[in-house]
Amino acid sequence: LIGRLMFELPEEMGLIAIAVRQTQGKGRGGNVWLSPMGCALSTLHITIPLHSNLGQRIPFIQHLVSLAVVESVRSIPGYEDIDLRVKWPNDIYYNDLMKLGGVLVTSTLIETTFHILIGFGFNVNNSNPTICINDLITKFNKEEGTKLKLLTADCLIARTVTVLERLIDIFQEKGPNGVLPRYYKYWVHSGKQVRLHSEEGPVAWIVGIDDYGFLQVHEEGKGVESVHPDGNSFDMLRNLIVPK
């Protein structure tokens with residue numbers, strides 16, 4: 001639907017498709033994306049000029065979207081301590097324990113304009129297959145004696161898009177340094193030690209992400225290197241960065 005419409009509409013017009021359920025959801029690398037009732041599921045179309053800060057650093061978009069999902073909850077007064085976080089390159093996590101959402105970005109360059117399709121899905125009111133945002137709110141209320149209201153998928157999709165628009169504006173004006181402090185505030189990797197390639201592979205420390213959104217690791221004796229998301233994935237359970 002969006003693929004047919006996105007080249008027909010004026011550039012200044014926003015376009016989003018929202019699904020209550022998906023039966024053929026796709027993840028990174030051809031993975032199947034499970035989409036039970038209770039998920040926030042949408043595909044957003046945006047345009048980015050090639051000759052702009054973000055146009056020169058297109059891989060950063062997935063990080064901005066992941067951050068926008070987390071901030072859609074944690075920017076609400078009273079919800080700042082709900083433990084949603086971002087995992088490089090494109091996942092939403094509860095602490096560093098369980099995945100509850102993800103982002104998939106595809107881009108097409110037409111002349112000097114990127115047409116970006118952003119698919120994002122995250123668990124709002126479905127405890128399966130992992131955990132959901134309302135589970136975290138219920139847990140927080142029980143532990144802290146608060147009475148925070150449960151949230152709805154449509155509210156959080158709307159908030160995510162609003163936050164994303166602001167993040168894009170900041171990035172276009174100030175570049176990566178305009179958004180990275182907010183990103184690092186919520187990411188799960190600060191100071192973590194990992195192994196590269198295999199469980200017997202070299203030890204490295206995660207430093208951050210570079211100006212193009214690639215993960216930076218410091219391997220003993222080798223200095224800082226960038227790890228590209230297209231050829232690698234982060235195995236949180238085994239604390240490995242492994243080639244796909």
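Does Phe-120 count as buried or exposed, and at what relative accessibility? In this predicted model, Phe-120 has a relative accessibility of 4% and therefore counts as buried, the cut-off being under 20%. The chain that surrounds this residue has five helices and 12 strands, and 49% of its 244 residues count as buried. Among contacts between residues at least 6 apart in sequence, 56% join residues that are at least 24 apart.

**Nonpolar core**

- The largest nonpolar core has 60 residues, and those with the most contacts inside it are Ile-48, Leu-64, Ile-118, Phe-120 and Ile-133.
- Helix H2, which spans residues 60-74, gives the largest share of this core, with nine residues, and the core draws at least three residues from each of domain 1 (1-186) and domain 2 (192-243).
- In soluble globular proteins, nonpolar side chains tend to be buried together.
- When residues up to four places away in sequence are not counted, Ile-118 touches Ser-42, Thr-43, Leu-44, Ile-46, Ile-61, Val-65, Val-103, Leu-104, Val-105 and Leu-164.

**Helix H3**

- Helix H3 (residues 133-144) is made of 12 residues, and the distance from its first C-alpha to its last is 16 Å, close to the 16 Å expected at 1.5 Å a residue.
- The buried residues of H3 are Ile-133, Asn-134, Leu-136, Ile-137, Phe-140 and Asn-141, and because they cover an arc of only 155° around the axis, they lie on the same side of the helix.
- An α-helix has 3.6 residues a turn, so residues three or four places apart point the same way.
- Lys-142 and Glu-143, by contrast, are exposed on the other side of H3.
- The partners against which the buried residues of H3 pack are H2, helix H4 (153-174) and four strands, namely E3 (84-87), E4 (91-94), E5 (98-110) and E6 (113-123).
- Gly-145, which comes just after H3, takes a positive phi of about 70°.

**Aromatic pairs**

- The structure holds five aromatic pairs, one of which is formed by Phe-120 and Phe-122, with 6.2 Å centre to centre and 10° between the planes, and this pair is stacked.
- Phe-122 has a relative accessible area of 0% and is therefore buried, and its partner Phe-120, at 4% relative accessibility, counts as buried too.
- The rings of Tyr-184 and Trp-187 form a pair that is tilted, because their planes stand at 55°, with the centres 5.2 Å apart.
- Within this tilted pair, Tyr-184 counts as partly exposed at 28% relative accessibility, whereas Trp-187 counts as buried at 4%.
- Tyr-183 belongs with Tyr-184 and Trp-187 to a cluster that is linked by ring pairs.

**The loop between E2 and H2**

- Ser-52 is found in the loop that runs between strand E2 (39-49) and H2, and with a relative accessible area of 15% this serine is buried.
- Although Ser-52 and Gly-175 are 123 residues apart in sequence, their C-alpha atoms are 9.4 Å apart in space.

Conventions:
Residues are numbered from 1 along each chain as its sequence is written. This is a predicted model: local features need pLDDT of at least 70, side-chain atom pairs count only at pLDDT 80 or more; totals for chains, interfaces and linings use all residues. Side-chain values use heavy atoms; hydrogens and water are left out. A nonpolar core is a set of buried Ala, Val, Leu, Ile, Met, Phe, Trp, Tyr and Cys residues joined through side-chain atoms within 4.5 Å. Buried means under 20% relative accessible area, exposed over 50%, partly exposed in between (1.4 Å probe, protein chains only). Helices (H or I, at least four residues) and strands (E, at least two) are DSSP runs, numbered from the N terminus. Domain bounds come from an automatic or database domain assignment. Contact means heavy atoms within 4.5 Å. The expected span of a helix is 1.5 Å times one less than its number of residues. The arc is that of the directions from the helix axis to the C-beta atoms. Rings of Phe, Tyr and Trp (its six-membered ring) pair if their centres lie within 6.5 Å; planes under 30 degrees apart count as stacked, over 60 as edge-to-face and the rest as tilted.
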